[in-house]
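Trainee: I would like to test some labels against their cut-offs. Can we take them one at a time?

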Amino acid sequence: MKAVILGGTTGIGRAIARRLAERGDSVFLLAREVDDLTRSAEDLTARHPKREPVGHALCDLERPEGFAAALDAADAALGGFDAVIVTAGLFATQDALEADIEFTRRLVTVNYANTVVFCEHARKRLLTRGGGRLAVFSSVAGDRGRKPVAIYGSSKAGLSVYLEALDHKFHAQGLSVLCVKPGFVKTGMTAGLKPPPFAGDPEQVARDVVRAMDRRRPMLYTPGMWALVMLVIRWLPRFVMRKINF
Amino acid sequence: MNPRTTPTLSGWGRLPAPGVEKLSEDLERLTRGAALTRGLGRSYGDSSLPAKADDLVACSRMADRILGFDPETGVLRAEAGFSLVELNRLFMPRGWFSPVTPGTKFVTLGGMVASDVHGKNHHVEGCFGAHVRSLRMRLADDSIVDCGPEQEPELFDATVGGMGLTGHILEVEFSLARIPSRWIHMESERMPSIDEFLAGLGRAAPAFPMTMGWIDCLHRGRSMGRGILMAGRWAEASEAGELAPRAAHPLTMPVDLPNLAINDLTVAAFNALYYWKHLRRRATTLVAPDPFFYPLDAILEWNRVYGPRGFTQYQCVIPRQAGAPAVREFMDLLTKLGGASPLCVIKDCGPEGRGMLSFPLEGTSIAVDMAVSPQIQSIVDRLNEFVIAAGGRIYLTKDRFTRPEHYRAMEPRLERFLAAREKYDPHRKLRSGQSVRLLGDVA
Ligand SMILES: Cc1cc2nc3c(=O)[nH]c(=O)nc-3n(C[C@H](O)[C@H](O)[C@H](O)COP(=O)(O)OP(=O)(O)OC[C@H]3O[C@@H](n4cnc5c(N)ncnc54)[C@H](O)[C@@H]3O)c2cc1C
Ligand SMILES: NC(=O)c1ccc[n+]([C@@H]2O[C@H](COP(=O)([O-])OP(=O)(O)OC[C@H]3O[C@@H](n4cnc5c(N)ncnc54)[C@H](OP(=O)(O)O)[C@@H]3O)[C@@H](O)[C@H]2O)c1
């Protein structure tokens, strides 16, 4: 793979970038801070004995005007990428979002509107070269309207629907779109929260994601147990959902 | 507050203290205003625990990036949360290994510096700190400075073995050691008594870069101190062949065992098995690094065998001048006091390093696990009194029960360390449960 990773400097993105770099795939990092990018690129470079320095460029999901230039830089460095991975996204608890309307606006813009715009840039480029892979992080929070993730979940629900439709529409043209739905994963994003049962590690999720990309799967619940959990939750009747706080 | 819902942190000995740790990839930001940084919590006692429940404790675990590696010289620079597991996984296949490794690979670089860890090769290579070229630190006044053996040497010497009390280590630069193969040539020998054990360690030291032994500390009388001496060196490529060791898949201790699981009987059985497994008196084998360096890592969370009451480790070093009789007397006292464990490790240490509070000194180090019982304080007191009289000292990273007056009596270097602390942290912003207990910091 020749993969561009938006969000590959932290959390699950970092684990995916490492997994790809260690097995010899080419990677190019996109994130919003130079120092962070340089350090992560150095880390990836050191992880494979015979690796050219890993490239990187600035890309901020709050600045869609920079998306094309960032992907140009990746294209130039990789000699045409064939995979794009998006792990970048924002999270806050429902309480925090309800208390901060401006952050709510930013979160839904970043997670939904601007992620879709970024994916549009990416998938157009991939399609002109006969397809490729696009893996984007949604969440189990987008599977059902739920009290603790009303706002965050809705941004991911929109993203999930978009990704599903991309798969329907472009699968025949060689574009494999993977919608990743992680359950609770122990990363910086969830560091202040109490991990529920079946909480996953970034490395475990990264392994699942890379395998799903290799196999060109359209959807992935990870850790796997969450497929079952969400199956139950999707079928709970409304009167139950109104009562419980999950 | 409800004690069941109050969040706690604990070290490897599983004695909890109220507090929470903050995690982030950005250690530089995380340590601003923090009272303590901890790594993977493999220190046994209270050195990685907060002095007060609301102290900000930074955890370095997510700050784990490699920042540079020079394949010509083997110099590696990484963030403080980079672990030895990752180091081994990535660099052993390329012919490099940590210059010094403790008996577990689940430790961070920051923890290895702060405890100035030693390994089986201490008599040849010294402690980890001897291989460190540079540290980047956040100090108590929130400034960020670089230090090393030549740059800001006072800060460096106080930090190496300083148990996190001089500043937060953000980055570590050190030299890896070249290894000729991925296998260890090991010779093991059954030792019938403590005197023969000490003589055996002495004989092995000049011949082997790595030595240590397991002692059965239940046996008294003539066979007191019997056990197995292990000496090793990296096998040459020609001896080792092409095969790579199989990746280890550790098991996890699924539950806490009841408090009574480790009683004298089970320990005695375990030790007898370990001793007689070596049927031949002497054996030479080729072993993989994992079982050689990290036999206990084969079972993750093995500390749960001690049950909910927790445990501690007593580790001390008896100076060479005190001679073999002092070691024999110590073993005698240890076996008399009880509190035995299957884990008693003996090791020959080389000369003291430059870390102001670094543990090893030329002599014999003995480490033994003990379940926490109502007698634990008096056992530790008795052992400490012996160690003070013998001119030895204890290892802070294992300690939870030493009294401040005992620590002061065994640590003539303390004044120098306190002077450095006064200079770099006059207001004692940096503190831990251990510094409150031993150094009188205000909680
Ligand atoms: C099974 C087992 C075997 C062991 N064998 C050995 C051995 O053979 N030799 C030996 O020397 N030790 C040994 N140890 C002890 C272990 O190596 C040390 O306790 C080590 O410091 C643990 O590293 P950690 O990352 O878990 O640090 P923690 O336990 O989290 O912290 C230990 C100390 O380091 C400080 N610290 C950690 N990170 C930082 C940082 N970034 N900046 C400033 N201070 C920091 C903490 O404040 C604390 O005082 C063993 C431990 C176990 C569990
Ligand atoms: N962890 C979980 O339990 C969980 C569960 C379900 C779904 N997810 C999803 O999984 C993905 C990865 O999350 P993670 O757990 O790995 O958390 P993470 O480490 O916090 O990763 C989020 C990344 O998004 C980046 N980001 C935020 N805003 C950005 C912007 N405007 N422009 C560019 N990058 C931006 C962050 O960069 P900075 O470092 O610069 O802030 C960070 O690298 C996210 O999409 C998340 O919603 C996570």
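**Labels and cut-offs**

Mentor: Start at ligand 2: one of its oxygen atoms is 2.7 Å from a polar backbone atom of A:V185. Keep in mind that this is a predicted model.

Trainee: What makes the A:V185 pair a polar contact?

Mentor: The cut-off is a pair of N or O atoms within 3.5 Å. The A:V185 pair lies at 2.7 Å, so it counts. A polar backbone atom of A:T87 is 2.9 Å from an oxygen atom of ligand 2. For a backbone N or O atom of A:G11, the distance to an oxygen of ligand 2 is 3.4 Å. That value is also within 3.5 Å, so the A:G11 pair counts.

Trainee: How much of ligand 2 does the protein bury?

Mentor: The protein buries 89% of the 890 Å² that ligand 2 exposes when taken alone. Helices α1 (11–22) and α6 (150–170) of chain A each give two or more residues to the shell. The shell has 25 residues, and the closest include A:T10, A:Y152 and A:T187.

Trainee: Now ligand 1. Which side chain makes a polar contact with ligand 1 through an N or O atom?

Mentor: B:Y395, with a side-chain N or O atom 2.7 Å from an oxygen of ligand 1. Backbone N or O atoms also approach ligand 1 oxygens: 2.7 Å for B:G39 and 2.9 Å for B:G41. The protein covers 96% of the 980 Å² of accessible area that ligand 1 has on its own. Around ligand 1 there are 33 residues, with B:R42 and B:S43 among the nearest.

Trainee: Why is A:F198 called partly exposed?

Mentor: Its relative accessibility is 44%. Buried needs under 20% and exposed needs over 50%, so a value in between is partly exposed. A:F198 sits in the loop between β6 (175–182) and α7 (202–214) of chain A.

Trainee: What makes A:F198 eligible for a nonpolar patch?

Mentor: Patch residues need over 30% relative accessible area. A:F198 has 44%, so it clears that bar. Its patch partners are A:M225, A:L228, A:L231 and A:W235, and the patch is about 570 Å².

Trainee: How do you know that β1 and β4 of chain A pair?

Mentor: Pairing takes at least two bridges. Four join β1 (residues 2–6) to β4, so they pair, and they run parallel. A:A3 stands opposite A:A83 of β4.

Trainee: And what joins β4 to β5 of chain A?

Mentor: Four bridges, again with parallel strands. A:V84 has A:L134 as its bridge partner in β5. Both faces of β4 (residues 83–86) are covered: A:A83 and A:I85 are buried on one side, A:V84 and A:V86 on the other.

How values were computed. Residues numbered from 1 in each chain as written. Chains lettered and ligands numbered in written order. Predicted model: local features only at pLDDT ≥ 70, side-chain atom pairs only at ≥ 80, totals over all residues. Heavy atoms only, no water. Buried < 20%, exposed > 50% of the residue type's maximum accessible area, 1.4 Å probe, protein only. Patch = residues over 30% accessible without salt bridge, like charges linked within 9 Å, V, L, I, M, F, W, Y side chains within 5 Å. Areas by Shrake-Rupley, 256 points an atom, 1.4 Å probe, with all protein chains shown as cover. Salt bridge = Lys/Arg side-chain N within 4 Å of Asp/Glu carboxyl O. Near = heavy atom within 4 Å. Polar contact = N/O pair within 3.5 Å; in protein donor to acceptor, adjacent residues only side chain to side chain.
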